[in-house]
Each structure stands twice: as structure tokens, then as C-alpha cells.
Amino acid sequence: QAKNAGRNGLRFFDPLMQAAVSQRAELEADIRQGILYGQFLLYYQPQVNAQGRVFGAEALLRWLHPVRGLVSPGSFIPVAEESGQILTLGSWALETACAQLVEWAKAPHTEPLVLAVNVSSRQFRQQDFADHILAMLDYTGANPRRLKLELTESLLVDNVDDVIAKMTSLRARGVGFSLDDFGTGYSSLSYLKRLPLDQLKIDQSFVQDVLTDPNDAAIARTIVALGNSLGLAVIAEGVETAAQRDFLAQNGCSAYQGYYFSRPLPVDVFEAYLSAQA
Ligand code: C2E
Ligand code: MG
Ligand code: MG
Ligand code: MG
């Protein structure tokens with residue numbers, strides 16, 4: 001039966017394929033519901049400097065699904081990317097992050113934090129992306145210097161001049177940029193030189209075995225050196241142990257994010273974490 005299907009190209013009747021298609025359609029409909037009923041929220045993961053102080057946080061999307069409970073982005077962002085729903089979700093995340101920055105700015109006792117927000121390439125590729133962000137900063141009243149956008153190297157398969165133009169117009173207002181998952185994508189060093197970046201983020205896949213795999217150690221060291229010589233800050237993600245942190249520190253990396261410091265937290269728990277260290 002499978003052989004026939006293959007020969008005739010009647011893939012539509014492949015039961016496995018059909019199941020996958022309907023599962024995807026179901027998830028897409030479910031995401032639509034989730035957006036409609038406000039089931040998405042942001043978690044905040046502390047970013048820590050060499051002295052162990054929190055200087056910022058990364059906003060990470062979560063879905064509080066009525067049946068499945070708390071769902072991580074890995075299981076819905078790929079579908080949302082394909083369906084285009086990432087545009088709605090991403091825009092919601094950015095607006096929520098800006099509103100959160102305004103809330104934090106009202107509390108005079110807290111140190112000002114920089115909030116990093118992930119932006120998918122599809123989102124960034126929109127013609128009016130920069131204007132959209134600038135308008136959002138205006139109507140929320142958030143300080144652009146407190147906002148950092150995390151981009152990925154997949155952006156660089158596009159028209160790089162267009163990418164640079166958008167980044168430049170946002171940077172003129174003070175918005176910062178970090179290159180997420182650095183080392184896993186398509187970056188060419190000549191692009192890296194031209195992009196108006198502030199930070200490189202060492203991908204967690206290199207951090208994970210940094211103590212046991214000499215290749216990962218070499219890559220981590222090289223990214224730090226590259227960042228330093230290009231005048232960029234470097235942050236390591238996925239730091240889970242003190243030994244990893246120490247290794248990174250000894251090799252010139254002075255900003256960290258990972259379970260060793262804290263998991264991503266709901267906003268009230270994140271605020272309690274901040275007060276506890278103050
Ligand atoms: P990312 O931006 O690279 O975020 C880092 C991921 O590593 C997060 O997964 C975080 O929870 C996880 N992580 C942090 N510390 C550790 C650690 O010490 N060990 C390990 N094993 N993992 C750690 P999460 O929250 O599941 O997010 C996954 C990805 O989903 C993110 O990867 C990002 O690409 C995407 N994402 C999350 N929120 C958004 C959003 O608002 N918009 C867009 N476009 N993408 C988002
Ligand atoms: Mg990120
Ligand atoms: Mg990352
Ligand atoms: Mg990652």
C-alpha cells in the first residue's frame with residue numbers, strides 16, 4: 001500500500017502524513033484561540049554580570065494552555081512561524097515587554113534593567129518593522145535604551161542592507177541589538193563587521209560541554225575574543241554550573257544567563273528575586 005502511494009504520488013492518502021497535517025492545523029487553531037483568550041504570557045530570566053548582579057533579563061514567551069498547562073515555545077513557535085501567527089505573538093511580546101519596562105521604571109528603588117526580547121526573522125522582515133517598534137516605544141512610553149532586541153543569524157540570508165537600515169533607525173533611538181544563538185547559523189564575518197550590534201550571545205550548545213569538550217571550549221573562547229575585538233559585549237546562555245561560569249569568566253566572558261542563576265520566572269517571582277538580591 002505504501003509502495004503504491006509512493007509510485008503514484010498519492011501522498012494525500014498517506015495516513016501518517018495526513019495525521020501530521022491535521023495535528024498542525026489543530027495546533028494552529030489552538031494558538032488562534034490562545035491569542036483570542038489571552039493565554040500567552042512572558043517569563044523573565046535574569047542576566048547576571050561578573051559581580052553576580054542582575055543587570056537585565058530575557059523575556060521568554062509561555063503559553064498557559066487550559067488543558068496542556070504551561071507550554072514552552074519550542075512546541076508552538078515553529079507552527080506560529082509557518083502560519084504567520086508569530087507576527088501577532090511577537091508584537092504582543094514586544095508591547096508587553098515595553099509595558100513591563102514602564103512599570104519597572106516607576107519603582108524608584110529598583111535598578112534599571114535592560115530587557116531582551118526575541119524577534120523572529122519573519123517579524124523583522126516586515127517592511128514596517130522599525131516604524132512599528134518606534135510607534136510602540138512612543139505609545140507605551142518605554143525608554144528605548146532599556147530595550148534590547150535578540151536577532152538570529154537566519155536574518156542574514158536576506159537583504160543585509162535592508163537589515164542594517166532597520167537596525168540603524170532603531171539604534172538611533174537607543175534600542176540595542178544582540179545576536180542570539182551565535183555560532184549556530186550562517187553569519188559571515190564580513191556581515192558581523194557591518195551590523196550595528198551591541199552583543200553576541202554564545203549559544204547554549206557550546207556552553208553545555210565547555211568543560212569537557214575542547215572544541216566547545218575553543219569556540220566559546222573564540223566568540224569572546226571576536227566580540228572583544230569588535231567592541232561587542234558577549235553573554236553566555238545556558239550556564240548551569242559554577243564551574244561553567246568560572247571557565248567563561250577566566251576566558252573573558254563577563255555576562256551570563258542560565259539555570260545556575262535562575263530559571264525563567266513569572267514576573268512576580270522575578271521581582272522577588274530582584275528584591276532578595278538588593
Ligand atoms: P533563546 O532565545 O535562545 O532562549 C534561551 C532558551 O534557553 C530559553 O528556552 C530558556 O528557557 C533556555 N535556557 C535558559 N537557561 C538555560 C539553562 O541553563 N539550561 C538549558 N538547558 N536551557 C536554558 P525557551 O524559553 O523554551 O525558549 C526557546 C526559544 O523560543 C528561545 O530560544 C527563542 O528562540 C524562542 N522564543 C522565546 N520567546 C520568544 C518570543 O517572544 N518571540 C520569538 N520570536 N521567539 C521566542
Ligand atoms: Mg533569545
Ligand atoms: Mg539563545
Ligand atoms: Mg537557543
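In this predicted model, the magnesium ion (ligand 3) has as its protein donors Asp-180 (OD), Asp-181 (OD), Glu-237 (OE) and Glu-237 (OE), at 2.1 to 2.5 Å from the ion. Along the chain the donor residues of this magnesium ion (ligand 3) follow the spacing D-D-x55-E. Asp-180 belongs to strand 6 (residues 176–182) and Glu-237 to strand 8 (residues 233–237), so the pair ties together parts that lie 57 residues apart in sequence. Both Asp-180 and Glu-237 are buried.

Asp-180 also leads to the other metal site. This residue bridges the magnesium ion (ligand 3) and the magnesium ion (ligand 2), and the two ions lie 3.9 Å apart. Which residues supply the protein donors of the magnesium ion (ligand 2)? They are Glu-58 (OE), Asn-118 (OD1), Glu-150 (OE) and Asp-180 (OD), at 2.0 to 2.2 Å from the ion. The spacing of these donors along the chain is E-x59-N-x31-E-x29-D. Glu-58 is in strand 2 (residues 54–65) and Asn-118 is in strand 4 (residues 114–118), so this pair ties together parts that are 60 residues apart in sequence.

Are Glu-58 and Asn-118 buried or exposed? Glu-58 has a relative accessibility of 3% and therefore counts as buried. Asn-118 has a relative accessibility of 28% and therefore counts as partly exposed, because the buried class is limited to values under 20% and the exposed class to values over 50%.

Strand 6, which holds Asp-180, also contains Phe-182. With a relative accessible area of 6%, Phe-182 is buried. Which residues does Phe-182 touch, if those up to four places away in sequence are not counted? The list consists of Glu-153, Ser-187, Leu-192, Leu-200, Lys-201, Ile-202, Asp-203, Phe-206, Ile-223 and Leu-226. Ala-242 is 60 residues from Phe-182 along the chain, and the C-alpha atoms of these two residues are separated by 22 Å.

The remaining description concerns helix packing, with helix 4 as the common partner. Helix 2 (residues 15–36) packs with helix 4 (residues 85–106) at an angle of about 30°, and the axes are 11 Å apart. Angles under 35 degrees count as roughly parallel, and helix 2 and helix 4 are therefore roughly parallel to each other. The crossing of helix 2 with helix 4 is left-handed. In this contact, helix 2 contributes Glu-28, Ile-31, Arg-32 and Ile-35, which meet Gln-85, Thr-88 and Leu-89 in helix 4. Sorted by class, the residues of the contact between helix 2 and helix 4 are three nonpolar, two polar and two charged.

Helix 4 also packs with helix 6 (residues 129–140), at an angle of about 30° and with the axes 10 Å apart. Here helix 4 passes helix 6 in a right-handed crossing. On the helix 4 side the contact is made by Ser-91, Leu-94, Glu-95, Cys-98 and Val-102, and on the helix 6 side by Phe-129, His-132, Ile-133, Met-136, Leu-137, Tyr-139 and Thr-140. By class, eight nonpolar, three polar and one charged residues make up the contact of helix 4 with helix 6.

Terms used. Residues are numbered from 1 along each chain as its sequence is written. Chains are lettered from A and ligands numbered from 1 in the order in which they are written. This is a predicted model: local features need pLDDT of at least 70, side-chain atom pairs count only at pLDDT 80 or more; totals for chains, interfaces and linings use all residues. Side-chain values use heavy atoms; hydrogens and water are left out. Axes are lines fitted to C-alpha atoms, for helices over the stretch in contact, and angles run from 0 to 180 degrees between N-to-C directions. Helices (H or I, at least four residues) and strands (E, at least two) are DSSP runs, numbered from the N terminus. Angles under 35 degrees count as roughly parallel, over 145 as roughly antiparallel, 65 to 115 as roughly perpendicular and the rest as oblique. A crossing is left-handed if the near helix is turned anticlockwise from the far one by less than a right angle, and right-handed if clockwise. Contact means heavy atoms within 4.5 Å. Ala, Val, Leu, Ile, Met, Phe, Trp, Tyr, Cys and Pro count as nonpolar, Asp, Glu, Lys and Arg as charged, and the others, Gly among them, as polar. Donors are N, O and S atoms within 2.8 Å of the metal (3.2 Å for Na, K and Ca); water is not among the atoms, so sites may look incomplete. Buried means under 20% relative accessible area, exposed over 50%, partly exposed in between (1.4 Å probe, protein chains only).
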